[in-house]
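Here's a quick briefing to read with the model open beside you. Grab a coffee, get the viewer spinning, and let's take a look around.

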Amino acid sequence: SFQSVASYNPFFGNSEYTLTGQGDAMPVAGVMVNEGFFPTLGVTPRMGRLFTHEECLKGGPEAVLLSDALWRNRFSADPGVVGRVITLSKVPMTVVGVLPASFDFGAVFAPGQRMDLFVPLRMDVVRNWGNTLALVGRLKPGVTVRQAQAEADVVFPQLKAAHKDWWGDYTSTLTNLKEY
C-alpha cells in the first residue's frame, strides 16, 4: 500500500538542546527523524541537503537540519551556515541543510510546539527505548487510506506474533495527514 514509510520520535522532551557558540546560549527544540522522513513528506531543503544514510547510523557523523525560523532568527539568514559546525548540548554537529519556510512541523505533528531543528533518528540507539516512534507513510498512487488500513489489520497481528518480546498491546490506526 505504501511507496515509503518513515518515522520520527514524537516525545519531544528527548530532543531539547542548548545551542552554544552562536552568541548567548539558547534553548532549542528538535525532532529526531529517520532518513526517509522528509522524502516521504515530499520536503526538500531550501539549501543544503537532507540526512545521508551514514548520518542515521549509530556512531555516524553528527548532522543537523535547521528550520527556516531558526536560520533567519539565530543565523541572520546566512547562506554560509550550511557546512558550519554548531554546538548542541556540548555536541558539535554539522549543519547540512535549512528547511523551507513552508515546512511547519509543529502545525501538523505537534500543534503549539515550535521545532527549531531536526537530527537523525538512529534506530540502533532508540530501538530499546520502547514505544518511541510515530510513523508517517506515503500511499502508492490509487491506494486509499481504507485499503492501507485493511492491509495493516492483516500485517500488524503478524508482526506482534513474530516479536512477542517487544510488542505490547498496541494497535495500528491509519489517518490521512490532512485529517490528522
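Leaving aside its neighbours within four places in sequence, which residues is Asn34 in contact with? Have a look before reading on: they turn out to be Ala6, Ser7, Cys56 and Leu121. Keep in mind that this is a predicted model. Now for the rest of the tour, topic by topic.

**The big picture**

- Counting up the secondary structure of the protein gives five helices and nine strands.
- If you walk along from the N terminus, the elements come in the order β-β-β-α-β-β-α-β-β-α-β-α-β-α.
- The protein has a radius of gyration of 17 Å, which agrees with the value near 16 Å for a compact globule of 180 residues.
- Along the principal axes, the C-alpha atoms fill a box of roughly 55 × 35 × 30 Å.
- Take contacts between residues at least 6 apart in sequence: 70% of them join residues at least 24 apart.

**Inside, outside and charge**

- Of the protein's 180 residues, 39% count as buried.
- The accessible surface adds up to about 10100 Å², and carbon and sulfur atoms account for 53% of that.
- On the charge side, there are 16 positive and 16 negative side chains.
- The centres of those two sets of charges lie 2 Å apart.

**Asn34 and Thr40, around helix H1**

- Back to Asn34: you'll find this residue in the loop between strand E3 (26–33) and H1.
- Is Asn34 buried or exposed? Asn34 counts as buried, because its relative accessibility is 18% and the cut-off for buried is under 20%.
- Thr40 sits in helix H1 itself, which covers residues 37–41.
- Thr40 is buried too, at 4% relative accessibility.
- Not counting residues up to four places away in sequence, Thr40 touches Ser4, Val5 and Ala6, along with Val136, Gly137 and Arg138.
- Ala6 is also on the contact list of Asn34.
- Try finding Ser7 next: Thr40 and Ser7 are 33 residues apart in sequence, yet their C-alpha atoms are 9.6 Å apart in space.

**Helix H2 and what comes after**

- Which residues of H2 are buried? They are Asp68, Leu70, Trp71, Arg74 and Phe75.
- Here's a handy bit of background: an α-helix has 3.6 residues a turn, so residues three or four places apart point the same way.
- Just after H2 you'll meet Ser76, which takes a positive phi of about 50 degrees.
- Ala77 lies in the loop between helix H2 (68–75) and strand E6 (85–88).
- Ala77 has a positive phi as well, about 55 degrees, although it is not a glycine.
- With a relative accessible area of 25%, Ala77 is partly exposed.

**Lys90, in another loop**

- Lys90 belongs to the loop between E6 and strand E7 (91–98).
- Lys90 isn't a glycine, but it has a positive phi of about 70 degrees.
- Is Lys90 buried or exposed? Lys90 is exposed, because its relative accessible area is 80% and the cut-off for exposed is over 50%.

**Salt bridges**

- How many salt bridges does the structure hold? There are five.
- One of them joins the side chains of Glu55 and Arg49, at 2.7 Å from N to O.
- In that pair, Glu55 is buried with a relative accessible area of 5%, while Arg49 is partly exposed at 34%.
- Another links Asp78 with Arg84, where the closest N and O atoms are 2.7 Å apart.
- Asp78 is partly exposed, with a relative accessible area of 26%, and Arg84 is partly exposed at 26%.
- Asp116 and Arg114 also meet through their side chains, at 2.7 Å from N to O.
- Asp116 counts as buried, at 4% relative accessibility.
- There's a little network to spot as well: salt bridges that share partners join Arg46, Asp68 and Arg72.
- You've met Asp68 already, as one of the buried residues in H2.

Technical notes
Residues numbered from 1 in each chain as written. Heavy atoms only, no water. Salt bridge = Lys/Arg side-chain N within 4 Å of Asp/Glu carboxyl O. Buried < 20%, exposed > 50% of the residue type's maximum accessible area, 1.4 Å probe, protein only. Helix = DSSP H or I, 4+ residues; strand = E, 2+ residues; numbered from the N terminus. Rg over C-alpha atoms; globule rule 2.2 N^0.38 Å. Contact = heavy atoms within 4.5 Å. Areas by Shrake-Rupley, 256 points an atom, 1.4 Å probe, with all protein chains shown as cover. Lys, Arg positive; Asp, Glu negative; His and termini not counted. Charge placed at Lys NZ, Arg CZ, Asp CG, Glu CD.
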